[in-house]
Amino acid sequence: MLTSGELYLVGDATPAGWDNAAGIPFEQDAEELTKFTLVTSLNAEGGMKFLEVSGEWAPQWGTNDEGTAQSGTLVYRPTENVEDPPNIPAPGTAGEYLIEVNLQTMSYTITAQ
């Protein structure tokens, strides 16, 4: 799925807002290339998604209806022709958070720092 080795965070729960060209870059794990981490400030409300290409809406990852502000399953949107997955929910309390993404297991976690 991921071909660029890059991943960006966007959404109204993030400092980038929904500007897909201003996404916040994740750091890719040097040994496990399907794992990404990012520490950033998040708003209490809103949602977020992960983008592979800065400035484009696809490919992207959201979650399913069971995804929470702490963890969940990722849902992949490969092209613009595929329906958007639901947003990953904001944490409910504004602050600094560690976001961990594993594209091998298609999961994410969000932990307060």
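**Salt bridges, strands and a nonpolar core**

The side chains of R77 and E80 form a salt bridge, with N and O 3.0 Å apart; the term stands for a side-chain nitrogen of Lys or Arg within 4 Å of a carboxyl oxygen of Asp or Glu. This is a predicted model, so local features need pLDDT of at least 70 and side-chain atom pairs count only at pLDDT 80 or more, while totals for chains, interfaces and linings use all residues. Residues are numbered from 1 along each chain as its sequence is written, and side-chain values use heavy atoms, with hydrogens and water left out.

**Salt bridges**

- How many salt bridges does a search of the whole structure find? The search turns up four.
- K49, R77, E80 and D84 are linked in a network of these bridges.
- Besides the R77 and E80 pair, R77 meets D84 at 2.8 Å, N to O.
- D84 also pairs with K49, where the closest N and O atoms are 3.8 Å apart.
- K49 sits in strand β5 (residues 47-51) and D84 in the loop between β7 (71-77) and β8 (88-89), so this pair ties together parts that are 35 residues apart in sequence.
- Strands here are DSSP runs of E with at least two residues, and helices are runs of H or I with at least four, numbered from the N terminus.
- Are the network members buried or exposed, taking buried as under 20% relative accessible area, exposed as over 50% and partly exposed as in between, with a 1.4 Å probe and protein chains only?
- K49 is buried at 4% relative accessibility, and R77 is buried at 5%.
- The acids are partly exposed: D84 has a relative accessible area of 41%, and E80 comes in at 49%.

**Backbone oddities**

- Most residues other than glycine have a negative phi, and most peptide bonds are trans.
- A58 and P59 are joined by a cis peptide bond, with omega about 0°.
- P59 is found in the loop between β5 and β6 (60-63).
- M106 isn't a glycine, yet its phi is positive, at about 55°.
- That residue, M106, lies in the loop between β9 (95-102) and β10 (107-112), and M106 counts as buried at 16% relative accessibility.

**Nonpolar core**

- In soluble globular proteins, nonpolar side chains tend to be buried together.
- The largest nonpolar core has 22 residues, and L9, F26, F50, L74, I99 and V101 touch the most other members.
- β4 (35-42), β5, β9 and β10 each supply at least two residues of this core.
- A nonpolar core means a set of buried Ala, Val, Leu, Ile, Met, Phe, Trp, Tyr and Cys residues joined through side-chain atoms within 4.5 Å.
- Which residues does F50 touch, leaving aside residues up to four places away in sequence? Its contacts include L7, L9, F26, P59, W61, L74, I99, V101 and Y108, where contact means heavy atoms within 4.5 Å.
- V101 lies in strand β9 and is buried, with a relative accessible area of 2%.
- Not counting residues up to four places away in sequence, V101 touches L7, F26, T34, K35, F36, F50, L74 and S107.
- For scale, the C-alpha atoms of V101 and R77 are separated by 16 Å, with these positions 24 residues apart along the chain as the spacing.

**Strand pairing around β6**

- β5 and β6 pair in the antiparallel sense over two bridges; two strands count as paired if DSSP finds at least two bridges between them.
- On the β6 side, W61 is the bridge partner of F50.
- β6 and β7 also pair in the antiparallel sense, over four bridges, and Y76 in β7 is the bridge partner of W61.
- In a regular strand the side chains alternate between the two faces of the sheet.
- In β6, Q60 and G62 point one way while W61 and T63 point the other, and all are buried.

**A look at T40**

- T40 has its place in strand β4 and is buried, with a relative accessible area of 8%.
- What does T40 touch, not counting residues up to four places away in sequence? The list is L9, P15, I24, G95, E96, Y97 and I99.
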